[in-house]
2 protein chains.
Amino acid sequence: MKKEHKKYSGRPGRVTATDVAKELGISVMTVSRVLNKKPNVADDTREKVMQTAMRLGYIPNRIARSLVTRKSYTIGVIVPEITHSFFPDVIRGIEEVVYNTGYNLLFIHSAEDESREKKAIQTLEENQVDGILLSMAQTVKKYSFYRKLIENRKPLVFFDRCAKRLGASCVGINDVEMARHMTEHMIHHGYKRIAHLQGSKNVSIGRDRLLGFRKALEENNLTVNEDLIIESDFHEKGGYSAMISLLELPKKMLPRAVVAVNDPAAFGAMQAILEKGYRIPEDIAVVGFSDDVRAPFTPTPLTTVNQRPYDVGCKAAQKLLRHIDNPNERVEYLMIKTEPIIRRSCGCNGT
Amino acid sequence: MKKEHKKYSGRPGRVTATDVAKELGISVMTVSRVLNKKPNVADDTREKVMQTAMRLGYIPNRIARSLVTRKSYTIGVIVPEITHSFFPDVIRGIEEVVYNTGYNLLFIHSAEDESREKKAIQTLEENQVDGILLSMAQTVKKYSFYRKLIENRKPLVFFDRCAKRLGASCVGINDVEMARHMTEHMIHHGYKRIAHLQGSKNVSIGRDRLLGFRKALEENNLTVNEDLIIESDFHEKGGYSAMISLLELPKKMLPRAVVAVNDPAAFGAMQAILEKGYRIPEDIAVVGFSDDVRAPFTPTPLTTVNQRPYDVGCKAAQKLLRHIDNPNERVEYLMIKTEPIIRRSCGCNGT
DNA sequence: TAAAAGGATGTTAACGTTAACGTAATTTTC
DNA sequence: GAAAATTACGTTAACGTTAACATCCTTTTA
């Protein structure tokens, strides 16, 4: 009575647990028990199963497993712009946490587009992800999709760009506080006319940093000049064109300093300033936000805020895993404490 | 006779196609046909199914679907260092191609570590990905894992860091040619003592760029000085320490120019050069490879090669999809043509 | 107008795994 | 030494979907 090995026999059929069981003349269940390291299996059986599984090149099918356990061990990650150096670092942090926990990352790039983000959420749900880590696209206006997720009890943790009061945890940085701090730093330099390149109002960090900016001016008894608050986006282009329009103001209305919503916007602004023949910081000082890899390298190194992306990623992933493991995990708004990085674009003698 | 809606009733059970079918008193199969836009369904039935599916909040379960169709519509992506700005751009390209094809990306970061890469491959296989896009970790020594994948007929396409002759397609750039070109550029500047900060030999781009470097010297009848070829890695640290050890050579043995395996290594080297009080390019010229976002911003803007990461990602994804759709798709080594970006670190008057 | 073709459904089984329960043999307990 | 507990399995059904085939009814064709 010959036994036939199924391995690579004819069609490209994968080796299954059933094949391993048949090979040994035992039940699939015992094989399953061994592979999942469950108790109540004799040592020698365990040994035999491991060996034949190895010999046949058995690879467990997580899809079949997921179907019955109703757990995919997959986490969805939605990022608005992977190209912005903040996000790869966040992903590093996320990866580092999920690595060794057995979870995998299903990654989707929303390209700052609301409809793509919606589609992404739908896709993640179809894939039965156990939870979602999301940083909002800047064009998102409606939160109904988030609400639906939360109603469906799909664990959701926002990072960086958060939607609060929806019942999902958030991991961000102390945006208001740091925007206030950086603006005040400009004020302490003696600058009076301070502009703000504002991020999209749709997004928490856009609103919060604007708030911090206003706070600083008010607390220091400076009038907030609405003409100097101008909507940019989070990228070089937006910063550039916003700055260009500021520079078209009459000479004496020109800002003496610019607080940009983030570093890419600041880079765009710096380029505009230099192109128009002004000096940084002698004519116009600039501060950014997020400590982009390029920040130390700009002609005048950019004063900014270290956004600790790696830590944001870690904390967000950890919180999500806790939500997944415990449906009663408390919804929290975690704030990573960040610090200013003083270089020279603000007028200091930094590195 | 009341009908009960199952939606959100008690336990968190998802709405299934069966629920939709029961609601309408029809068979699941008809529902399945509608949802998959298959023919042979009456228009009004189709309509009714769509509506109740919507009303009940039905979300198709891709996991169950995958199990029976033996297709996951998922592509695995393994990247050695997401933090290196080349890779996020590649991912953008990949995303752009798979977006709208219905495929998803399962993302794993190997952290330049062979064992993590192996584990990643295993994980992707367990998840039944339809194909894998992979850029080798620099510490990878054995190709047996790749061979096993290829034997198992799991479509695999390498990008950037390739292993050829294994039967998997590769998408890279013209490394040898461009390294030769850049080195020759240095020679045309009149530099004689030219050093090479070499990448890991385990990896194609490390070997190929070294080859191009040697070629240029030989073709121009310059002797290759082995002391000036020094192993770095692909990151700032390696470039820095490699350069430091070069700078410890006796004064007259010092290199006049440095060809770095990539930009991060070049940045490290530049830092070392500046710290030791030398000028770039007056004392030591430097060229990099990959056009990192920081390259235009270094104190002396870095001459480098545009690696066209976005195109690499697109091509790799396209090729993989073709391998998935057609098992007889020809194995190819695709080469994206790249161009030098002349700035100032080489001695030119670039931007 | 009978036969053939096609359209709109339903039925059954399967994908590969595990949960829940069942059973026989062995060991423990008092 | 009989009841109870434990161990080492096996059996059945289910997870949610689709492929393949079957059925019934309508329309077309010669």
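Modeller: Buried means under 20% relative accessible area. Keep in mind that this is a predicted model.

Biologist: OK, so why is A:Cys314 called buried?

Modeller: Its relative accessible area comes out at 14%, and the cut-off is under 20%, so A:Cys314 counts as buried.

Biologist: And what makes B:Cys346 buried?

Modeller: B:Cys346 has 0% relative accessibility. That is under 20%, so the label follows.

Biologist: Why is B:Cys346 not counted in a disulfide with B:Cys348?

Modeller: The sulfur of B:Cys348 is the closest cysteine sulfur, but 3.6 Å lies between the two. A disulfide needs the sulfurs within 2.5 Å, so this pair is too far for a bond.

Biologist: What rules out a bond for A:Cys314?

Modeller: The closest cysteine sulfur belongs to A:Cys162, at 16 Å. Set against 2.5 Å, that is too far for a bond. Searching the whole structure gives 0 disulfides over all chains.

Biologist: On to the DNA. What makes the pair between A:Lys38 and DNA strand C a polar contact?

Modeller: A polar side-chain atom of A:Lys38 sits 3.2 Å from a phosphate oxygen of the strand. The limit is within 3.5 Å, so the pair qualifies. The side chain of A:Arg65 also has an N or O atom 3.2 Å from a phosphate oxygen of DNA strand C.

Biologist: Which part of DNA strand C does B:Val68 reach?

Modeller: A base oxygen, 3.4 Å from a backbone N or O atom of B:Val68. With the cut-off at 3.5 Å, that pair counts as a polar contact too.

Conventions
Residues numbered from 1 in each chain as written. Chains lettered and ligands numbered in written order. Predicted model: local features only at pLDDT ≥ 70, side-chain atom pairs only at ≥ 80, totals over all residues. Heavy atoms only, no water. Buried < 20%, exposed > 50% of the residue type's maximum accessible area, 1.4 Å probe, protein only. Polar contact = N/O pair within 3.5 Å; in protein donor to acceptor, adjacent residues only side chain to side chain.
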